Amino acid sequence: MSNNEIGKLLICSIKKVDNGWVLYDCNGENISNLSGKFPSSMNLRYRKKRGNKWGKDVENSSCVWVLIGKINEAEKWIQVGRNSSLKNMLRNDIKEDIKQVYSGTGKYGGLNYSELIFYEINIKNYIENDEKSKGILGTEPLDNNLKRAFWVNCAAYIEGKLASEKNVQLYHLSVLDGCYYAYFESKKNA
C-alpha cells in the first residue's frame with residue numbers, strides 16, 4: 001500500500017537544530033518557543049486541519065498514529081500506536097512522546113534522527129484501500145455501539161499490520177494489535 005493509500009496526515013514534527021530540538025506544528029510553523037512546555041496551539045491547529053473530513057466523530061473515534069524518523073532523506077518507522085480518541089492521542093501519546101524527546105529521557109529521549117515526524121493514519125481511508133481488511137474485519141455495523149467496536153478493531157488491525165510491514169523499531173504489541181501483528185508476520189514467511 002502506498003503512502004497516499006495509507007492516508008497520513010501530519011500532526012507535528014521535531015527537527016534537530018544546533019544540538020537541540022525545534023517543534024513544528026501541522027502547518028510547518030515553529031511553535032517551540034514555550035521553553036519546553038507542550039503548546040496547546042499544536043493541538044488546536046491539528047484539530048482545525050483535521051476537521052470532520054475523515055467522516056467519523058472527531059473526538060470519540062479510535063486513532064492510529066505513527067512516528068517516523070529521518071536521517072537526511074532516509075526514513076525509518078519508529079513507532080505505531082493507537083488510542084481511543086483524538087483527545088487521548090494528542091494529549092497523552094504525542095504530548096508525552098515529545099516531552100521525552102526534549103528531555104532526553106525514556107524510550108524516545110535517545111533517538112538519533114535529524115527529524116521526527118508524527119502522523120495520524122486515516123483509518124477509514126486505510127481500510128477502504130486494504131484488500132485483506134474486508135475479509136478479516138467485515139463491514140461497519142449499523143448499531144452505534146458496535147460501530148465504535150468496529151473502529152477500535154480497525155485501529156488494532158492497522159497498528160499490527162503497519163508494525164509488521166514497516167518493521168517498526170519500538171513497536172510494543174498489546175493483545176488485539178498483537179494478534180494482527182502475528183498474523184501478518186506469519187504471512188511474511190509463508
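**Figure 1. Pairing of strand 3 with strand 5 in the predicted model.** In this predicted model, Leu-67 has Phe-118 of strand 5 as its bridge partner. Strand 3 covers residues 63-71 and strand 5 covers residues 115-121; the two run antiparallel and are joined by seven bridges. Phe-118 also has a place in the pairing with strand 1, where Cys-12 stands opposite Phe-118. Strand 1 and strand 5 are likewise antiparallel, over seven bridges. Strands of a sheet pair through backbone hydrogen bonds, in either a parallel or an antiparallel sense.

**Figure 2. The five-stranded sheet.** The sheet is open, with five strands in the order 2-1-5-3-4 and antiparallel pairing. Strand 2 (20-24) and strand 4 are the edge strands, each pairing on one side only. From one strand to the next, the twist averages 20°. Although strand 2 is an edge strand, four of its five residues are buried, so strand 2 is largely enclosed by the rest of the structure. Burial here means a relative accessible area under 20%.

**Figure 3. The hairpin of strand 1 and strand 2.** Five bridges join strand 1 and strand 2 in the antiparallel sense. Two of the pairs can be picked out by residue: the bridge partner of Ile-14 in strand 2 is Leu-23, and Lys-15 stands opposite Val-22. The two strands form a hairpin with two residues between them.

**Figure 4. Asp-18 and Asn-19 in the loop between strand 1 and strand 2.** Asp-18 is placed in the loop between strand 1 and strand 2, and Asn-19 is found in the loop between these strands too. Phi of Asp-18 is near 50°, a positive value in a residue other than glycine. Asn-19 also has a positive phi, near 60°, and is again a residue other than glycine. Are these loop residues buried or exposed? Asp-18 counts as exposed because its relative accessibility is 77%, and exposed means over 50%. Asn-19 is exposed as well, at 78% relative accessibility.

**Figure 5. Asn-72 in the loop between strand 3 and strand 4.** Asn-72 is found in the loop between strand 3 and strand 4. With a relative accessible area of 65%, Asn-72 is exposed. Which residue lies 6.9 Å from Asn-72 in space, C-alpha to C-alpha? That residue is Ser-114, which is 42 residues from Asn-72 in sequence. For the chain as a whole, among contacts between residues at least 6 apart in sequence, 64% join residues at least 24 apart.

**Figure 6. Helices lying across the sheet strands.** Helix 3 lies across strand 1 (8-17), strand 2, strand 3, strand 4 and strand 5. The angle of helix 3 to strand 1 is about 15°. Helix 7 (residues 144-165) lies across strand 3, strand 4 and strand 5. Helix 7 runs at about 155° to strand 4.

**Figure 7. The second largest pocket.** The second largest pocket has a volume of about 180 Å³. The elements that give two or more residues to its lining are strand 4 (74-83), helix 3 (86-103) and helix 4 (106-109). Which of the 13 lining residues lie nearest the centre of the pocket? They are Trp-65, Gln-79, Val-80, Gly-81 and Lys-107. By class, the lining of this pocket comprises six charged, four polar and three nonpolar residues. Strand 4, which contributes to the lining, is also an edge strand of the sheet.

**Figure 8. The chain as a whole.** The chain has eight helices and five strands. Read from the N terminus, its elements follow the order α-β-β-α-β-β-α-α-β-α-α-α-α. The chain has 190 residues, and 45% of them count as buried.

Notes:
Residues numbered from 1 in each chain as written. Predicted model: local features only at pLDDT ≥ 70, side-chain atom pairs only at ≥ 80, totals over all residues. Heavy atoms only, no water. 1 Å grid on protein atoms, 1.4 Å probe; cavity = no way out; pocket = protein on both sides within 12 Å on 5 of 7 lines; lining within 4 Å. Points joined across faces, edges and corners; volume = space filled by probe spheres on them. Nonpolar A, V, L, I, M, F, W, Y, C, P; charged D, E, K, R; others polar. Pairing = 2+ DSSP bridges. Axes fitted to C-alpha atoms, helices over the stretch in contact; angles between N-to-C directions. Contact = heavy atoms within 4.5 Å. Buried < 20%, exposed > 50% of the residue type's maximum accessible area, 1.4 Å probe, protein only.
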